[in-house]
Amino acid sequence: MQQLAQDYKGNGFCVAKGLLSTDITTKALDDVHKLVCRQLGRFQAPDSFGEGLYIDMQRLLAEGTDAYLCAARLGAKLASVNACLTHENVVAVVQLLGVEIPTISSEPVFHISSDKLQIPGGYFGFDAHQDWPSIQGSLDCVVAWLPLVEVTLDNYPLQVLPESHRLGLLKGEVTKNLLAVDKTLYDESKFTSVVASPGDVVFMSSWTLHRTGVENCSGFRFSISNRGENAAEKNFI
């Protein structure tokens with residue numbers, strides 16, 4: 001555990017391999033799939049657990065963007081999804097990384113990336129950004145990010161810029177979803193892609209520069225994240 005703290009302090013992120021049982025992440029993924037299947041039933045559209053969540057999400061999106069987005073929003077409220085990020089193992093690491101009194105800012109955020117699940121007129125992969133400008137919470141906020149499917153170099157991996165948490169608030173352009181950091185302020189070649197499996201959890205500072213890797217990627221990536229604010233941090237108080 002102390003190695004995680006050292007990695008986090010030095011690089012602005014760390015990867016806790018196998019922190020959660022895959023039974024927990026599988027339960028969350030299955031519940032999301034059940035929700036999608038119920039929505040497909042509303043349209044009398046076919047669904048199949050055998051073909052997998054990815055196929056049924058494509059079917060639901062084909063029925064209508066609103067239905068797809070509403071299912072995603074509701075999915076983030078599922079008890080099993082929340083249980084992943086409030087698990088005692090996750091909370092323990094958040095506290096190890098300096099969050100004395102953890103608070104949870106909201107329900108988890110869904111990160112769904114696929115060339116076949118792109119919303120018309122929507123974004124496709126976030127630009128490089130820091131999370132703190134969007135939430136403006138405690139200065140020592142820790143973000144917990146975990147995959148519900150295998151994440152490789154080829155299916156939209158999380159990309160982080162080591163040591164960027166030391167740079168403070170970076171200037172950029174306010175977009176619909178975030179503050180996209182000015183590209184002249186960082187070196188593209190320094191980003192590192194995170195390969196992760198269900199059960200692994202990535203912890204990063206809300207100041208760490210990160211983005212979704214999209215170059216030469218295809219397939220399906222589904223991950224969730226949430227932020228642990230520190231109710232004991234003086235500026236947050």
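1. A cavity, in the sense used here, is a set of grid points where a 1.4 Å probe fits but cannot get out. The model under review is a predicted one, and it holds 1 cavity of 30 Å³ or more. The volume of the largest cavity is about 70 Å³.

2. Which residues line the largest cavity? The lining consists of Val 32, Val 36, Met 57, Leu 60, Tyr 68, Ala 71, Ala 72, Phe 110, Ile 112 and Phe 222. Two or more residues of this lining are given by each of the elements α2 (22-42), α3 (53-63), α4 (65-75) and β3 (109-114). Helix α4 supplies the largest share, with 3 residues.

3. The chemical character of this lining deserves a separate remark. Its residues divide into 10 nonpolar, no polar and no charged. A student may check this on the structure by selecting residues of the lining, for example Leu 60, Ile 112 and Phe 222.

4. The next point concerns a sheet. Strands of a sheet pair through backbone hydrogen bonds, and the pairing may be parallel or antiparallel. In this model, an open sheet of 3 strands has the order β8-β5-β10, and its pairing is antiparallel. The edge strands are β8 (192-194) and β10 (210-212), each of which pairs on one side only. On average, neighbouring strands of this sheet are turned by 30° against each other, with direction ignored.

5. How many bridges join β5 to β8? Strand β5, residues 158-160, is joined to β8 by 3 bridges, and the two strands run antiparallel. To locate the pairing in the structure, one may start from Val 160, which stands opposite Thr 192 in β8.

6. Two residues should be noted for their backbone angles. Gln 136 has a positive phi of about 50°, although it is not a glycine. Gln 136 is found in the loop between α7 (132-135) and β4 (142-147). Is Gln 136 buried or exposed? Its relative accessibility is 54%, and residues over 50% count as exposed; Gln 136 is therefore classed as exposed.

7. The second such residue is Tyr 156, which is not a glycine either and has a positive phi of about 65°. Tyr 156 lies in the loop between β4 and β5. Because its relative accessible area is 1%, and buried means under 20%, Tyr 156 counts as buried. The two residues thus fall into opposite classes: Gln 136 is exposed, whereas Tyr 156 is buried.

Methods. Residues are numbered from 1 along each chain as its sequence is written. This is a predicted model: local features need pLDDT of at least 70, side-chain atom pairs count only at pLDDT 80 or more; totals for chains, interfaces and linings use all residues. Side-chain values use heavy atoms; hydrogens and water are left out. On a 1 Å grid over the protein atoms alone, a cavity is a set of points where a 1.4 Å probe fits but cannot get out, and a pocket is an open set with protein on both sides within 12 Å along at least five of seven lines; lining residues have an atom within 4 Å of a point. Grid points are joined across faces, edges and corners, and a volume is the space filled by probe spheres set on the points. Helices (H or I, at least four residues) and strands (E, at least two) are DSSP runs, numbered from the N terminus. Ala, Val, Leu, Ile, Met, Phe, Trp, Tyr, Cys and Pro count as nonpolar, Asp, Glu, Lys and Arg as charged, and the others, Gly among them, as polar. Two strands pair if DSSP finds at least two bridges between them. Axes are lines fitted to C-alpha atoms, for helices over the stretch in contact, and angles run from 0 to 180 degrees between N-to-C directions. Buried means under 20% relative accessible area, exposed over 50%, partly exposed in between (1.4 Å probe, protein chains only).
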